[in-house]
Amino acid sequence: MQEQALITTREEFGQALTRLRESAGVSVRQVAAKVGADIAASTLGDWFAGRGLPSLSSRDLLVEVLRVCGVSDEAAVEQWLNAWHRVRRAPGRRPAGPEPYRGLAAFETEHAEWFFGRAALTGQLVAQLTEPGLRLVVGASGSGKSSLLRAGVVPALGSGAAVFTPGPYPMAALARQRGEVLIVDQFEEVFTVCEDPDERTRFVAALGEAAERAVVVAGLRADFYGQAMRHPELLAAMRSGQLVVGPMREDELRAAVVEPARKAGIEIENGLVELLLREVAPAGADGEAHEAGTLPLVSHALYAMWRESQGRRLTIADYRKVGGIGRAVADSAEKVYLALGEHRQELARRLFLTLVHVASDTAATRRSMTIAEVLADHDPAVAAEAEDVLDRFVAERLITVDLDKVQISHEALLTAWPRLAGWLESDRAGLVVGRDLAEAAARWAKEGHDPGALYRGSRLAVARLWAEGAGPHAAPGPQARRFLSASVERQEAEAAAQRRGTRRLRRLVAVLAALLLLTTAAVVVAVRGQRDIADQRNAALSGKVANESVALRAGNPALAAQLALAAQRLTPTTESRGAVLSTPANPYATVLSAHAGAVYAVNYSPDGRRLATVALDGTLRMWDVTDPMRPGALSSVVGDAKGISAAAFAPGGETVATAGNDNTAHLWDVRDPRHPVELATMGGHSLGIIGLAFSPDGTLLVTASYDATALLWNVTNPSKPYTVSTLKGAPKGLSDVAFSPDGRTLAVTAFSNDVMLWDVGDPRHPERLPDLRGHTKAVLAAAFHGDTLATGGFDNTVRLWDLRDPRHGRHLATLSGHEDGVVAIDFSPDGRSLATGSYDRTIRLWDLTDVRSDPIVMTGHSNTVYTVRYSPDGRVLASGGRDDTVRVWDLGRPCSAATRARSTRSPTAPTAACSPRPATR
């Protein structure tokens, strides 16, 4: 047995650490110097002397100290960290020998030998796990579901079982699991901790799919039964594969009390077991030994007695001393709380309210957080005090710390400790507001302080009202205060801008009114000069309106054009003619708003007469674009209910390929575009498909997936496609794919910095070519024209590559100007221009005959532009985005020099953007 496994006190930890330092031949000061962190040698000396322990936030520093002392093996470091956590979780005096009871904490797999009373239920559940399917284990809070699954079922099944909790990102948690049996503990976190309804639905669906080939077990709290019934997969499991965890029978509860003590060699006083059973027995029980939810209270009372007795003998006196079943938990929590000073009591209150999930439509539940998230709500000056408060409750098993995760040991504490229950009930609505504010602030910080994530309107007003009235126990933390302050500043700036616009409008109205009064007065005074005066009035008004038209052109070109035409019709002047003649410099767009989800792909047929669009609403829509600026709807079919993210016309124009989030691709016969007919469905990917492309001769189709693979399909017969080969080796999920014009080279991009190239001249034996390196962040899009490849990514740049020799690709140029990731790319048919779409909500047109020139910027989309595509004649550009719209831009009248955006290469270039206000169809 390793020495670290025997460490139980901070003194033993310090002695073992000292022996490790001495064996490495270094002094305390030398350790401090080599660590290089901002820490005093005296602090390290306390660690080695056993006078102190590293704090939870000093984990990385402890790992560095171990490295300096010669511990570099990951397994050895993990043993030291386990010893450190064990000592931190149990500071101070503890009874000798093993711990027979767990208190409020659930039994884990390593505690299986101490888990008694559920043998029959364990055997019943294990017997149901012989065939694939979804099984629900349902029980009230405190019925012992987690202990049954972790300490009963998992050891019985062996190494083939994997147990996990959903957490805030259940799909990511599921992706990390490997095993023949998947056990989802605390399934209710899907409804409490996971905030994304779409991810919640995908997770339940993924469990349903996994249950078709493996055994899936989900432990669900009974009060979330109604929410679970809304999902068909769970409803089916309720009908056919449900196991209810009810109260223990008397013999089972007796075994849970007596057997751990017997195994640990602890004597139990006569009459204690009978007293305990009598106090927990429900009135009129029919074979049940206790009420639902009582088990955690019994477990904590036994744990408290064991500590009080110092592990020798459990007596009735000890039972009375710890407060019995009804008061043991509350007394333990209250004892720790009252031992704190007034300031630290406020920290304790804030700590527990942070660790509880409070919502308006569900019961309060505990939630798991990282130590950094818990301490984020505290100023640095008091973070150390908050950590000490946390340690005190950890020592009493009221809070559990597992490596970097912190949570209340059991939800029974929420009702068993009157003080905590009072905190939750005293201001439940305020807690909901505070929790929403803290989570919104965390998302804002995670997204790089995105202004779009700030509060505004009524949400901001409610949050400000709550923050102004919150006491010290609930006052927003530093991050939430910064978020609230930024939200207020943003709203005030928007209000000021609106006031300035109103004042300008009032001045314009005042000028027009004055002109009208002057003209009327002149008519009354001099009838003979009426025509001259009217002409003067109209000329002045025309000039004013024409000037306003010029001022509005960048922000609202449609209104500017109407004003310019009105001014010219009123009285032709130099200003009105200039306004009318300059209007065509701005491109216009027709907006197609038929989709009900983000538009991920648009594609023209080779003859340019049809347009195919797909979106996350799961539909493929065909449009007649014979008149490019007046598209007519032809058809709409559902291709993937989970959302379509890619589409492409085959070179002949008779077939359209689509793919999306159900992991499959589809081929459609669109010879009659009013009635598309599905020809084939192609599976093979384990995750959603993000990109696809036909080879130039139309015989091959490549699909790129989030599962980090690309599949090459032979589609010579579209009704019977088959897989030719699989392209692997991507470090992450793929993002786009493109064929070279000769069909021999395939460019594949992934959510990594490099562009992969494949020689697919022999599609059955593709050859990996050297990668293209240059992007500094993930690459999102790629497109070919001739021997030139364009790629764009999250480094906000477009890079051009010379692939005349694909084995020795050469970087040609870097196009900068986008303010966020480039996610869409397309060459014009003549190769002289390049269109790009970005997360910055703009489309940019680059002149490739002079790559140093500034791009033309077209605005209009209100969110990310996911796709751009030139028409075959290059006169029209179609785009789609996250604002659920398709826009068809008329490029027949290109932007003038004044509408080019300022680029990083030309800091003195004029700045303006093409910002059409398209007509909506």
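This is a short tour of one helix, one helix pair and two nonpolar cores in a predicted model.

Residues are numbered from 1 along each chain as its sequence is written. Local features need pLDDT of at least 70 and side-chain atom pairs count only at pLDDT 80 or more, while totals for chains, interfaces and linings use all residues, and side-chain values use heavy atoms, without hydrogens and water.

**Stop 1: helix α7.** Select residues 145–157. Helices here are DSSP runs (H or I, at least four residues), and strands are too (E, at least two), numbered from the N terminus. Ten of the 13 residues in α7 are buried, meaning under 20% relative accessible area with a 1.4 Å probe, protein chains only. Among them are Leu-148, Leu-149 and Val-153. Now show what covers them, including α6 (119–127) and β1 (133–139). Then click Gly-158, which follows α7 and has a positive phi, near 90°.

**Stop 2: α13 and α14.** Select 250–264 and 272–280. Which residues meet here? From α13, they include Leu-253 and Val-257; from α14, they include Leu-276 and Leu-277. Contact means heavy atoms within 4.5 Å. The residues of this contact are seven nonpolar, no polar and three charged.

**Stop 3: the largest nonpolar core.** Such a core is a set of buried Ala, Val, Leu, Ile, Met, Phe, Trp, Tyr and Cys residues joined through side-chain atoms within 4.5 Å. This one has 67 residues. Select Phe-352, Phe-393, Ile-399, Leu-413 and Trp-417, which touch the most other members. Helix α15 (residues 295–308) gives the largest share, nine residues.

**Stop 4: another core.** Apart from that core lies another, of 27 residues. Select Val-26, Val-28, Val-31 and Cys-69, which are among them.

Terms used: Axes fitted to C-alpha atoms, helices over the stretch in contact; angles between N-to-C directions. Nonpolar A, V, L, I, M, F, W, Y, C, P; charged D, E, K, R; others polar. Buried < 20%, exposed > 50% of the residue type's maximum accessible area, 1.4 Å probe, protein only.
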